[in-house]
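Student: Could you take me through one part of this model slowly? I'd like a close look at the sheet, and then how that part sits in the rest of the assembly.

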Amino acid sequence: MSMLEVRDLHTSFFTPSGEVKAVNGLSFSLDKGKVLGIVGESGSGKSVTAYSILQILTNPGRIVSGSIKLHGEELVGKSNDEMRKIRGNKISIIFQDPMTSLNPTFTIGNQLEEAILLHTSRNKKQAEERAVEMLRLVGISEPEKRIHQYAYELSGGMRQRVMIAMALACEPDILIADEPTTALDVTIQAQILELMLALQKEMGMSIIMITHDMGVIAQICDEVIVMYAGGVCERGTADAIFYHPMHEYTRGLMRSIPQMNDDEKTRLVPIAGTPIDLLHMPSGCPFAPRCDRAMKICLKEKPREYWVGRDHLSACWMNVKNNACYEERPAEGTMEVEDP
Amino acid sequence: MSEENKKLKKNPFSLQVDPALFEAASDEEKAQQVTMRESVSFMRDAMRRLRKNHIAMISLCVILLIALIAFVVPTFYPYTYTKQDVSAQNLAPFQYSAKEQAKIARGQSVFPHIMGTDALGRDYAIRVIYGTRISLLVGIFSALIVIVIGILYGSISGYFGGKVDMIMMRIVDIIYSLPDVLIVILLSVAIKDWVSASKSTLIARLGAGMVSIFIVFGLLYWVSMARQVRGQILSIKEQEYVLASKAIGASPARIIRKHMIPNCVSVIIIIAAMQIPSAIFTESFLSFLGLGVSIPMPSLGSLASDARTGLRSYPYQLIFPALSIFLIVLSFNLLGSGLRDAFDPKLRA
Amino acid sequence: MSETASPFTPNPEYLVQVNHLKQYFPISTGFLKTTMLKAVDDVSFDIRRGETLGLVGESGCGKTTVGRSMLQLYKPTAGEIWFDGKKIDSKESLREFRRRAQMVFQDPYSSLNPRMTVADIVAEPIDVHKLCAGKKEREERVRHLMKLVGLNTEHATRYAHEFSGGQRQRIGIARALASKPEFIVCDEPVSALDVSIQAQVINMLEDLQRQLGLTYLFIAHDISVVKHISNRIAVMYLGHMMELASANELTRHPLHPYTISLMSAVPVPDPQESRKQKRIVLEGDVPSPLKTPSGCPFRTRCSRATKACAESCPAMREAAPGHFVACHNV
């Protein structure tokens, strides 16, 4: 059984101007010890997905329907008190900006110990020992001194390490990382990604990595979900998504990334148009207005997910047209359908 | 199973759907799906939000109604605020004096004293209306002073920054620490002779107290506006559009006029709207202490003060001006907070 | 610094020449105590006509400051900027320069005044430099500029906040083009945009360069984007220039240890390549620009640092034809 199971999740923000469907029918499952990447552009609903799992949505957002099961236990409909026992303990989250997620008026030791005391039966002294141990684990030098420092005394990379230490202090089953390296420089990003992978192997947790960077996905993820305008375009193993993309949006995304390796000056192939206005969602596929190969049906009806490989689903009418998809999960050993 | 069969089986859908639907969509069809929201300027957007706020709109109507009464009614009202009638002292609302009753008996029409009369037999309604007029004038005038001086001072201080800003802000700090009531008292004593000798009838009619109140507003009350505008300018200065304008080669005057002031509008409107009731309150308070308008000119504060002597016998003489102050200040405050909600970009959806 | 203080002679082949540019900012570090923040410390480079020079580096390396100092948005502490054979030092030369050199900014949200219509934003350089005779000519020019950057001319009366990030960046580019400049400093023009939109803007910048014969200084932290658009690339670290070479040469054969580790840290959007990739993970953080290390600024994180690196700051030298590097150990 998978560790986390999300079924047909719908999350909306009810603004004065109307309902914004931030997550619009998302399903996925996450196995133990896997790294799942959720990739998408701004407004694709990837962060809202994370907030929905932890139920830390801000007003006026709420889960409209769907189910989120952790170890088979339903989370949707749980009270705030019950969720508090899960947050930070079973599922932790780290955010994009480590400065705003650390309290500037407490030392980092204080904040780490608080997180430990809240979820474990350790006493004050053991909590401090654990805090030092955690800081050492995330590669912070002289942790005994550092616990007495404040967030502003640390660099961006250091702060993100502290955030990771805090998130992992109670040995959660799942770590959600919401664009953890977007605010950092590439050399620091490399350090943090390396650290996350090492810790994941050591502690055996699962990671949900939310990012807009296909490079980060390629580097650390086993499985990938590609989101656009609140819906899933395509999901599957990283290799399937990168080498056999079966959705026009994923293909467009790959084409628009500048390649480091080609010597010749090639022209990028961008995706035309502008992102969809979430307040005025089209009735069909949300990507259809920007899709080069959009068909009449794409504008009329939203495609549902079909299997295109044993570990690969895609929601694109093109696959239906090309007769390149399965109603049910194909048996083991079935080839990935060919990219036409 | 042949290759063809396998394909059909894995996708039974293809047989049920009209193949015409799988034709490529044209650009026009795609474009139809994209709607751009209706164009709204910031001002219009704010006004739309203000209109949706019922409390603010009711307050605005009340203010407009009061202003209409205060400025229009005296032009055709049969009584004046100075005319005394010894035979009609301290009448209750809609009560007629013996002389007036005799007139009515003769078949002549007499305009009723809607709010009665005061101790000198003056019609109370027109005095309250005049008092309201003074209050509104004080409010609007002080808001104007505050807007002009506050914006100029604040934007210069914020734009040039550094030493200029430091000195200008220390001056503001000093002004903040001056007791305004004390200055009004001192000023009214100091300028008494000048005011009574003044050839301008307006200044003479307003009296030393009122003139010094205006002077004090001009001297002291713009500081909070200046501070807020400066703060706003400081944050706008960091915006890249100001840098872009500099890179183009625009002059400081153009940058302040085109980029900074328009982006301060919300702060200016909110503070000005909040300034009006506090000025009205100060004026009423000072008039109540006898520092405001000079007799016979009434002010809501001085009316209330005069009414204290006959409070037990004629309570309505206190109730009418008090109610008027209450209505004006409450409406302006509610409108002010409505404006703040409408203009504060942080609350924008 | 190898050169002596001999008078600088402009080379007509280059449109822009930056000679020993220094930009220090006084930072108050306590009561009546100021320390100099050396944002840019002795940087020299040239840009050919019609060329794109890429400028990469991590946050705080001074790349944005270089762009802004070049356009005289800050008064340079030392050094000279030469544009089209003329030194920018007088008021007249600056006014002329402000028309012929423009800038595109990073943040498409804060770089456009929310209270102005698209037409007024685009026409600002026209208004400031009084480039159009009448209202009609101005309107015509605005319409032309909007078409040039692929904006719907019907949207001229709309406000900037009604547009998406990519369209806003187009408005910013149209504004930069309004005074018919020859040189544009692009300060991270695409880093705030989504990948699919990023490609649109990059393509447009390339098209405009070809159409209008523009010269770019392209500042970005994303090496793959810089590599794509630039002819030559300069790498900066802590206010110093570390390496300068043609785009292909720099990405294929980086010489400076910093450039090498920077390249290896860039995540490749290819899982199998990524698994094969040998990463050189740099230890530690960039030192504070208020307390730069002695000698080479990179020596505190460099695996090849020697004693010489702490003693003197290496000067730029030509290691291969057209390939300049500032390192003692190359």
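**A close look at the sheet**

Tutor: Let's start at one edge. In this predicted model, helix α6 (residues 156-168) of chain A lies across β6 and β7 of chain A, and the helix runs at about 170° to β6(A). Beneath that helix, β6(A) and strand β7 (residues 174-178) of chain A run parallel and are joined by four bridges. If you want a spot to click on, take I91(A), whose bridge partner in β7(A) is I174(A).

Now zoom out to the whole sheet. It is an open one of eight strands, and in chain A you read them off in the order β6-β7-β8-β3-β9-β10-β12-β11, with mixed pairing. The two edges are β6 (91-94) and β11 (306-309) of chain A; each has a single partner strand, so one side of each has no neighbour in the sheet. On average, neighbouring strands here are turned by 20° against each other, direction ignored. As a reminder, the strands of a sheet pair through backbone hydrogen bonds, and they can do that either parallel or antiparallel.

Move inward along that order and you get to strand β3 (residues 35-39) of chain A, where five of the five residues are buried. Side chains in a regular strand alternate between the two faces of the sheet. In β3(A), V35(A), G37(A) and V39(A) point one way while L36(A) and I38(A) point the other way, and all of them are buried. So what does β3(A) pair with? One partner is strand β8 (residues 206-211) of chain A, parallel to β3(A) over five bridges; there, G37(A) stands opposite M209(A). The other is strand β9 (residues 223-228) of chain A, which is also parallel and is joined to β3(A) by four bridges. For that pair, look at L36(A), which stands opposite E223(A) in β9(A).

How does this part fit into its chain? Chain A has twelve helices and twelve strands. Of its 340 residues, 53% count as buried. Take the contacts in chain A between residues at least 6 apart in sequence: 62% of them join residues at least 24 apart. A compact globule with 340 residues would have a radius of gyration near 20 Å, and chain A, at 21 Å, agrees with that. Its C-alpha atoms fill a box of roughly 65 × 55 × 45 Å along the principal axes.

Hop over to chain C for its sheet. Eight strands make an open, mixed sheet there, in the order β6-β7-β8-β3-β9-β10-β12-β11. The edge strands of chain C are β6 and β11 (317-320), each pairing on one side only, and the twist averages 20° from one strand to the next. Chain C is also a good place to see an antiparallel pair: strand β9 (residues 232-237) and strand β10 (residues 240-246) of chain C are paired that way over six bridges. Within that pair, M236(C) has M241(C) in β10(C) as its bridge partner.

While you're in β9 of chain C, stop at V235(C), which lies in that strand. Is V235(C) buried or exposed? V235(C) is buried, because 27 other C-beta atoms lie within 10 Å, and 20 or more is the cut-off for that call. Leaving out residues up to four places away in sequence, V235(C) touches eight residues you can pick out: V56(C), G57(C), M242(C), E243(C), H256(C), Y258(C), T259(C) and L262(C). H256(C) is 21 residues away along the chain, with 9.4 Å between its C-alpha atom and that of V235(C).

Last, the neighbours of chain C. Its contact with chain A takes 34 residues from chain C and 35 residues from chain A. On the chain C side, α6 (165-177), α7 (195-212), α8 (223-229), α9 (247-252), α10 (257-265) and α11 (271-276) each supply at least two residues, and the largest share, seven residues, comes from α7(C). By class, that side has 13 nonpolar, 15 polar and six charged residues.

The contact with chain B takes 22 residues from chain C and 18 residues from chain B. Here α2 (91-100), β6 (101-104) and α4 (124-129) of chain C each supply at least two residues of the chain C side, and α4(C) gives the most, with four residues. This side of chain C has nine nonpolar, five polar and eight charged residues.

Terms used
Residues are numbered from 1 along each chain as its sequence is written. Chains are lettered from A and ligands numbered from 1 in the order in which they are written. This is a predicted model: local features need pLDDT of at least 70, side-chain atom pairs count only at pLDDT 80 or more; totals for chains, interfaces and linings use all residues. Two residues are in contact if their C-beta atoms, placed from the backbone, lie within 7 Å. Ala, Val, Leu, Ile, Met, Phe, Trp, Tyr, Cys and Pro count as nonpolar, Asp, Glu, Lys and Arg as charged, and the others, Gly among them, as polar. Two strands pair if DSSP finds at least two bridges between them. Axes are lines fitted to C-alpha atoms, for helices over the stretch in contact, and angles run from 0 to 180 degrees between N-to-C directions. A residue is buried if 20 or more other C-beta atoms lie within 10 Å of its own, exposed if 12 or fewer, and partly exposed in between; C-beta atoms are placed from the backbone. The radius of gyration is taken over C-alpha atoms; the globule rule is 2.2 Å times the number of residues to the power 0.38.
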